[in-house]
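Biologist: Please take a close look at a single part of this model, its loop backbone, and walk me through whatever stands out there.

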Amino acid sequence: MTDPARIDVHQHLIPPDRSRGMAERAAALGWPAPAWDKPSAIAMMDRRSIATGVLSYPAPLAAPDDPAGARAGARRVNEYTAEVVKDRPDRFGHFAALPLPDVDGALAEVAHALDELHADGVMLLSNAGGRYLGDPEFDPLWTELDARAAVVLVHPTAPPGAMVPGLPGPLVDFPYDTARTALHMAVNGVPRRYPGIKMILPHAGGFLPYAAHRFAVAARLHPDTTPEGLLDDLRRFYFDTAISAGPASLPSLTAFAAPGHVLYGSDFPMLPEEWATGFDAGLDTYPHWEDGQLHAINRGNAELLIPRLARA
């Protein structure tokens, strides 16, 4: 049975001043143009038994050569999202956008978003203009997020290089980029060096759970680690179920993820609602859940990550 009170850690919003740009980006990626407004989002959540959706903005904030535009864009997006949450804190949470690769700008926005806007965490794209999240230049940001024990959603974006014609980037390239940045972080010791951060990988980590033991061979190229140590670091990540609750993916995800590290995600409105019902049903009807496991995925694990969202 569907849990009547899911917490959706992977739900998006599109501020009105960004709807045209988002539609153009979706078209360039071969994907349907998403549409968002608060009443439609709440209606969708009611239909899908989602009590609370943690909102994030899932696209670059500005052109790669426009750091000032990215700073301004992050501030506008975050202040808009904070107002949505302020109006309905029972239905929405907030992962704040950060203007990477501008580390100083990202640090300033962390302070504003977490201290002034009371965001529930932050969201980073899987690469920032081709720079992946294990880049040592991002260490000051990880240090600050670790000190705050922050929740971080690592959202996929287009990898460098051309899209394969006829294969939409969100369908094929985004899972690849999620796995690429997760392995890059693990090889560079980010999860191990910053254990206070709780980092969520959408879409069941892309290819990560399925290919984790293959990826662990990367440790052979680094004399300061071992395959077993690298696997331990990869298991520090959390994973959401967006577009991933299928009969082939769930066994791999649940076999690899640490206990308590799987969370419900919808990816609305980037994934049209009518495309998502099969994944919700796949989660509900999976025949191998242990007692309490489905409720933990739907809600309990997210309550531990974001206690504000716990039911009284």
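Modeller: Asp267 lies in the loop between β10 and α12, where helices (H or I, at least four residues) and strands (E, at least two) are DSSP runs numbered from the N terminus. Residues are numbered from 1 along each chain as its sequence is written, and side-chain values use heavy atoms, with hydrogens and water left out. This is a predicted model, in which local features need pLDDT of at least 70 and side-chain atom pairs count only at pLDDT 80 or more, while totals for chains, interfaces and linings use all residues.

The phi of Asp267 is near 65°, a positive value in a residue other than glycine, and with a relative accessibility of 6% Asp267 counts as buried (under 20% relative accessible area, against over 50% for exposed and in between for partly exposed, with a 1.4 Å probe and protein chains only). In the loop between β10 (262–263) and α12 (273–285) one also finds Pro269, and the peptide bond that joins Phe268 to Pro269 is cis, with omega at about -5°.

Another positive phi belongs to Ile243, a residue other than glycine, with a value near 55°. Ile243 sits in the loop between β9 (238–240) and α11 (249–256), and its relative accessible area of 31% makes Ile243 partly exposed.

A further cis peptide bond is the one between Leu100 and Pro101, where omega is about 10°; Pro101 has its place in the loop that runs between β3 (92–97) and α4 (103–116).
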